[in-house]
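Biologist: I'm new to this one. Could you walk me through it?

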Amino acid sequence: MAVVAGRPKRGALLPKRVAAVTDSRLGSLGVYVVRRILWMIPIVFFVIVITFVLMHSAAGSPWDKAGGRQLSQVVVDNLNKKYGLDRPVFEQFLLYIWNVLHFDFGLSYQYQGKSVLELIAGGWPYTATIGVLAFLLIVPIGVGLGVLAALRQNTRVDYATMGFATFAASFPNFVIGALMIVFFSVLTYGWTGGNFFLPAGGWGMDDHLIMPAITLALLPIAYTARLTRASTLETLRQDYIRTAWAKGLPERLVVVRHVLKNSLIPVVTTLGPTFAFLVTGSVIVETVFSIPGIGRAFVVAVTSRDYPMILGTTVLFSIVIAIANLVVDILYVFIDPRVRLT
Amino acid sequence: MHLRVSIRAVTLAATGLFVVSACGPGGTTSQNLAAPDKQVINMNDGTEPNSYDPTQQTYTYEAAVGRNVFQTLLSSNAQGTDVVAAGAESYKVSDDGLTYTFKLRSGAKWSDGKAVTAADWVYGYKHLLNPALAAGYVDPFFDTTIKGADGYADVDVSKASAIDTFLSSLGLAAPDPNTFVITLQHPAAFFKWVVTLWVASPIRQDVVEQAAGGTFPSSDTTKPEVWAQKAATIIGNGPFKISEIVSKDHVTLVPNPSYWGGAPHFQKIVLWFIEDANTAYAKYQTGDLDAITVPLANVDVVRNDPKLSKEAKVYPKLTTFWMTFNAQKTPFDKPDVRMAFAKSIDRDKLNKQVQHDIQKSILSFIPKGMAGYDESDKAQSYDPTAAKALLQKAGVTADTLNKFKLLTRNTTRNKTLNQFIVDQWNNNLGLNMQLEVIDSKTVTSRIRKGNFDIYGPDGWGADYPDQQDWFDIYFKNSCHSLNWGCVDLPGYDDLVKKADSELDQNQRNKDYATAQKQLIDQAAVAFIFQDYEYNLIKPYVGGLTITASDDQSLPGDLFWHDAYVTQH
């Protein structure tokens with residue numbers, strides 16, 4: 001299976017492809033889903049263990065300031081007592097697991113008196129909105145461009161499409177974001193005398209969403225287009241496609257019914273993790289466009305050593321990724337008749 | 001004051017004050033004030049306050065909200081030369097300098113219309129001084145001054161009874177509803193400035209307890225902060241109140257209808273939390289923000305832009321930056337070696353090439369704009385020849401020095417500055433030293449343990465314009481909170497302690513001057529530059545009183561009550 005560099009690999013969670021088709025394909029699906037959901041419990045547990053260990057082995061305490069006078073030892077000791085950091089790490093860990101079992105993810109160190117759940121619930125809707133919008137751009141544009149380039153291989157259309165994909169993949173999104181702000185906000189504001197321009201960041205369920213969604217979507221669009229092109233080209237060379245052409249089927253039928261159905265399998269594989277990646281946020285897009293989402297909150301939590309917030313966001317991310325993978329696996333059953341989930 | 005990013009700025013004219021006027025020297029008449037619905041201003045606070053409880057705030061971006069929503073007993077005048085009455089109408093100090101009696105302002109009201117009483121002040125101070133709540137600004141301002149507070153460090157914060165005993169022993173009293181009395185441990189000439197700190201605000205016990213769902217033991221650390229989570233329960237006594245908090249996005253201030261000082265012009269102040277300075281710069285240009293800090297990379301663009309350059313304001317901050325040598329390590333224990341490093345930095349070139357000529361070189365400790373600024377001692381001035389001679393005299397070879405590294409926080413600004421500085425040392429002293437760039441948290445944990453050779457730039461921004469706030473930094477026992485190098489300065493502690501409690505201002509100034517000379521001549525650190533702010537402010541924002549103590553991108557935040565928007 002084609003896995004493009006830089007995209008998350010699905011690795012161990014990849015379902016076994018079974019050549020032999022059996023009659024209980026859909027029947028075993030329910031059992032499979034329940035089992036996979038139960039498997040998420042140990043997965044999340046190990047994510048917590050690893051995060052906990054890494055977090056506590058990183059230098060620096062949550063109370064260190066990034067310059068200037070530091071808090072006196074007295075205050076640091078009292079803060080440690082307040083948040084239970086004066087106890088042995090193992091005890092802190094058991095206490096955390098116990099609390100998580102009661103859906104208590106603790107209080108943020110950075111934002112006084114705010115619970116982690118409250119912060120995540122407050123920030124995720126912003127992140128998810130941008131992520132879903134970006135995803136809605138990726139599927140038609142990325143797949144569309146890829147198929148187009150494959151069908152018109154080695155023509156100007158192909159070169160233009162792949163040129164665009166290379167451009168989009170190689171420009172870092174903070175550059176694209178900043179350039180878009182300069183062009184569509186500042187310069188457009190000047191040209192139109194302030195009558196028309198896109199807002200340079202900030203939140204709003206309106207034209208505020210355009211630039212962040214495009215910036216976030218560009219890179220995945222590029223990957224999806226290249227991946228779709230490669231797998232479509234491979235499919236086009238198959239014997240059964242030649243047969244379809246030979247039967248005199250119109251191009252639309254050949255492409256939609258025969259080519260796409262097979263060439264999209266590897267694309268669907270990557271769209272799952274891509275979706276998870278998009279809805280868990282991008283620190284760069286959220287910073288450049290000043291979106292109060294959790295992508296930025298996660299990075300801020302890491303740099304400020306806000307332990308409960310780091311754990312809370314990591315657990316959320318691991319659950320989202322696990323679910324996205326599960327959904328992809330289920331989709332296989334419908335796309336590829338040879339797949340049986342066991 | 002806790003510095004916001006790694007570098008902030010300062011200065012100004014001798015007064016330290018800028019009044020930005022929308023219509024030039026002619027003044028503003030009521031005719032050209034914008035209509036009330038246009039009295040809206042949008043500024044960039046950069047980061048959301050970690051808390052809206054003023055006692056818990058430590059950064060200027062937090063204090064900018066705290067000091068507009070709450071009012072302290074006294075506040076600084078616009079020039080930063082003395083305190084003026086605020087929450088108190090007047091105050092008097094007993095002859096022994098130990099008892100401060102504040103006559104509270106009659107007619108002062110909370111934003112819900114109730115009268116502010118002495119009991120609210122006592123409650124606010126006790127809330128601040130509760131060791132279980134570990135407020136960042138208690139030490140050293142309050143625990144070293146207020147009577148009974150010296151036991152702050154020893155209270156067992158898990159026991160409510162121990163905390164109650166401590167709090168009731170404090171020198172805080174309300175003999176009648178209009179009088180608040182604070183008793184000190186020892187005379188402290190600077191205490192009038194301590195009560196101007198935003199953390200020393202009154203707080204409403206009934207509001208705190210109602211939000212917490214009833215009374216709670218003083219050892220509880222979460223219930224006492226519930227009230228500060230929602231705009232509706234943040235009842236303050238300042239000129240503005242919070243009408244809306246959108247987490248991570250913005251906070252909106254509107255006039256406090258009950259404020260004793262009358263209604264302000266601004267009907268709405270929206271403070272946005274935009275972290276990326278370039279985004280804020282774009283939003284200024286599209287009219288979404290009315291004032292911003294110019295990102296360093298765009299300074300020259302603004303200077304060459306015919307329109308923007310007219311909206312630019314440069315003003316000083318009471319902030320000095322320096323490089324710290326680990327005086328616990330040979331050969332940096334030798335003043336000659338430290339001085340050699342101090343004398344081989346071309347500060348003017350640094351400011352020109354790396355800082356777009358915004359910051360100003362400084363060779364002394366106290367920044368321009370406050371009492372104690374004195375540039376007469378040029379001992380640390382740039383002189384590579386003298387610097388080399390000093391190294392020779394100290395008998396230190398290049399080989400010894402080459403193994404030392406300059407510890408650097410991994411921000412672009414710090415890396416650029418330090419690369420320049422280390423190049424200066426290498427060129428001027430014939431060395432081959434390296435930078436050691438690591439993440440900020442690791443740097444902090446290392447300097448706290450004294451695990452570094454040279455570290456910088458680090459600095460100090462005044463909490464209030466009294467020299468005590470500065471000179472206490474180099475006390476021997478404050479070795480691990482900002483005096484990272486733990487430099488040995490014979491006689492310094494006694495001299496500064498004497499000046500801190502001395503009631504005669506002239507004598508204080510003299511003693512501090514001696515202390516400053518010692519810091520410079522011993523090269524306790526190498527002073528580099530004073531911070532200045534380079535801001536853009538829309539021409540229709542009038543009546544701003546900008547002081548050297550404002551937050552970096554919120555010009556005039558101490559006096560927003562008097563600012564306005566003109567017709568445009």
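What follows is a short chat about a predicted model.

Biologist: How many helices and strands does chain A have?

Modeller: Walk along chain A from the N terminus and each element you meet is an α. Strands come to zero, and the helix count is twelve helices.

Biologist: What share of the residues of chain A count as buried?
Modeller: Being buried here takes 20 or more other C-beta atoms within 10 Å of a residue's own. Chain A has 342 residues, and its C-alpha atoms fill a box of roughly 85 × 65 × 30 Å. The share that counts as buried is 38%.

Biologist: Which element gives the most to the side of chain B that touches chain A?
Modeller: The contact takes 45 residues from chain A and 47 residues from chain B. On the chain B side, the elements giving two or more residues are helix H6 (277-285), helix H14 (440-448) and strand E17 (454-461). With six residues, the one that gives the most is H14(B).

Biologist: And how many charged residues are on that side of chain B?
Modeller: Sorted by class, that side of chain B has 22 polar and 13 nonpolar residues. The charged ones come to twelve.

Biologist: Where in chain B is confidence lowest?
Modeller: Chain B has a mean pLDDT of 91, with 95% of its residues at 70 or more. Over residues 1-28 of chain B, though, the pLDDT is below 50. Confidence peaks in strand E8 (residues 179-183) of chain B at 98, and the lowest mean, 38, belongs to strand E1 (residues 17-20) of chain B.

Biologist: What ipTM does the predictor give the complex?
Modeller: There are two scores for the complex. The pTM is 0.88, and the ipTM is 0.84.

Key
Residues numbered from 1 in each chain as written. Chains lettered and ligands numbered in written order. Predicted model: local features only at pLDDT ≥ 70, side-chain atom pairs only at ≥ 80, totals over all residues. Helix = DSSP H or I, 4+ residues; strand = E, 2+ residues; numbered from the N terminus. Buried ≥ 20, exposed ≤ 12 C-beta atoms within 10 Å, placed from the backbone. Contact = placed C-beta atoms within 7 Å. Nonpolar A, V, L, I, M, F, W, Y, C, P; charged D, E, K, R; others polar. pLDDT = per-residue confidence, 0-100.
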